[in-house]
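Let's take a walk through this protein together, stopping at a helix, a single side chain and a pair of packed helices.

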Amino acid sequence: MRSPFRHAFVATAALAMMAATVPAKAQDFIGILTGGTSGVYYPLGVAISNIYTQDIEGSRPSVQSTKASVENLNLLQQGRGELAFTLGDSLAMAWAGNAEAGFPRKLDKLRGLTAIYPNYVQIVASKDSGITSLEDLKGKRLSVGAPKSGTELNARAILAAAGMSYDDLGKVEYLPFAESVELIKNRQLDATLQSAGLGVASIRDLATSVPITVVPIPAAVVEAAGAPFVKQTIPAGTYDGQTEDVETAAVLNYLVTHEGVSDDLAYAMTKTLFENLDKLVAAHAAAKGISLENATVGMPVPLHPGAERYLKEAGVIK
C-alpha cells in the first residue's frame, strides 16, 4: 500500500524565491527534545539543530536525548524546551489530559508546528524464539519501550486490538530500543516492539547480529485499534534477512512547540525546516515521509500562530 506520507516535499517555484536565511530574535535558545540516540528522533534532531544554527540568525539550538513523546510533551508544557518530536496518539492524549498515558492534566500550552513522517510499529523477534505472529507472543519475553513512552502506548493499543494484554506475555521489559536489542542478542529477550521510522538503527543493528523475524500486524488488528493507526507495509529488504513485505500499523509523528515561543521564532523554525528537507533525508531516510502538503494532517493541537503564518504563505492553509 502506497502511503501519502512517503512523498518527499518538492519545493515550488514560489517557495524557492523566499529568502534562505530567516531572522529571529537575537539569541533565541531552541531546546530540541528528541528520543533515544538509537532511534530516529535523535539524528533528525541533530540535523535540525545544524540547520537552525546555519539559517536562523542569532539562534542557539541544542539537542536533548529523552524518553521521547510523553517526556517531551511534559517538558514543553513546563517551558523546558522549544521544539519536540512526538507520536500523534501521545499528542492527542496530552491535549486531553489522559492520566493513564502519563499526562495528569491537559497540556494546554502545546502548539503544533507540522506533521512529519509516519512511525511504523515494528515488532521484531529472534528466529530462535519461534515467534511469527502476534499470537505467538503469548508466554514470551517482550520489550515494549520505556514506561509510558509513545512506543509503550502503541504496544498497549496494538496488543489490546489483538485481544491481548501484558498479562498474556511471559515477561514485559520497559526498555529503550538499544537496550532491548542487546538483550535479544544475549538471549535474555525474545522480541522487541519499536515505534519508529523505517530502517531504525536499533533494528538494523539487531538484524546484522542475529537472524530475525519481522512479525506482521494484520490489517484487521490495525482496524480494531482505530485512529490514529493506519495500515502500512514494511517493504522487503528494509532489514537484513527480511525477504518479504510485512503488514503493520503506522501513526504520524509531529513537531510541536509551546505558546511561549514567539511567533517569529515559530515561523522561522517551520520555514527553515521545509526549506532543508534534503538535509533531513541525508540524516535519516525516514524524513522522506515529510511533505509540506501533509503538514496539518490530523494535527491534534492548535497550530502555533507563527507556523500557521508560514503554512498560509506556502499555500497549505487557505
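A residue is called buried here when its relative accessible area is under 20%. Please keep in mind that what you see is a predicted model.

With that cut-off in hand, start at helix H7, which spans residues 201-209. Its buried residues are Ser202, Ile203, Leu206 and Ala207. They lie on the same side of H7, because they cover an arc of only 130° around the axis. A helix turn helps to make sense of this: an α-helix has 3.6 residues a turn, so residues three or four places apart point the same way. And what lies over these buried residues of H7? The cover includes strand E4 (110-126), helix H6 (177-185), strand E7 (191-196) and strand E8 (212-215).

Next, turn to helix H3, residues 69-77, where you will find Asn74. Is Asn74 buried or exposed? With a relative accessible area of 19%, Asn74 counts as buried, because the cut-off is under 20%. Leaving aside residues up to four places away in sequence, Asn74 touches Gly102, Phe103 and Leu107. Gly102 also offers a polar partner: its backbone oxygen lies 3.2 Å from a polar atom of the Asn74 side chain.

Our last stop is a helix pair. Two packed helices are described by the angle between their axes and the distance between the axes. For helix H2 (residues 41-55) and helix H9 (residues 263-274), the angle is about 110° and the axes are 10 Å apart. H2 and H9 are therefore roughly perpendicular to each other. Where they meet, H2 contributes Ile48, Ile51, Tyr52 and Asp55, while H9 contributes Met269, Thr272 and Leu273. By class, this contact has five nonpolar residues, one polar and one charged.

Methods: Residues are numbered from 1 along each chain as its sequence is written. This is a predicted model: local features need pLDDT of at least 70, side-chain atom pairs count only at pLDDT 80 or more; totals for chains, interfaces and linings use all residues. Side-chain values use heavy atoms; hydrogens and water are left out. Helices (H or I, at least four residues) and strands (E, at least two) are DSSP runs, numbered from the N terminus. Buried means under 20% relative accessible area, exposed over 50%, partly exposed in between (1.4 Å probe, protein chains only). A polar contact is a pair of N or O atoms within 3.5 Å; within protein, one must be able to donate a hydrogen and the other to accept it, and residues adjacent in sequence count only if both atoms are side-chain atoms. Contact means heavy atoms within 4.5 Å. The arc is that of the directions from the helix axis to the C-beta atoms. Axes are lines fitted to C-alpha atoms, for helices over the stretch in contact, and angles run from 0 to 180 degrees between N-to-C directions. Angles under 35 degrees count as roughly parallel, over 145 as roughly antiparallel, 65 to 115 as roughly perpendicular and the rest as oblique. Ala, Val, Leu, Ile, Met, Phe, Trp, Tyr, Cys and Pro count as nonpolar, Asp, Glu, Lys and Arg as charged, and the others, Gly among them, as polar.
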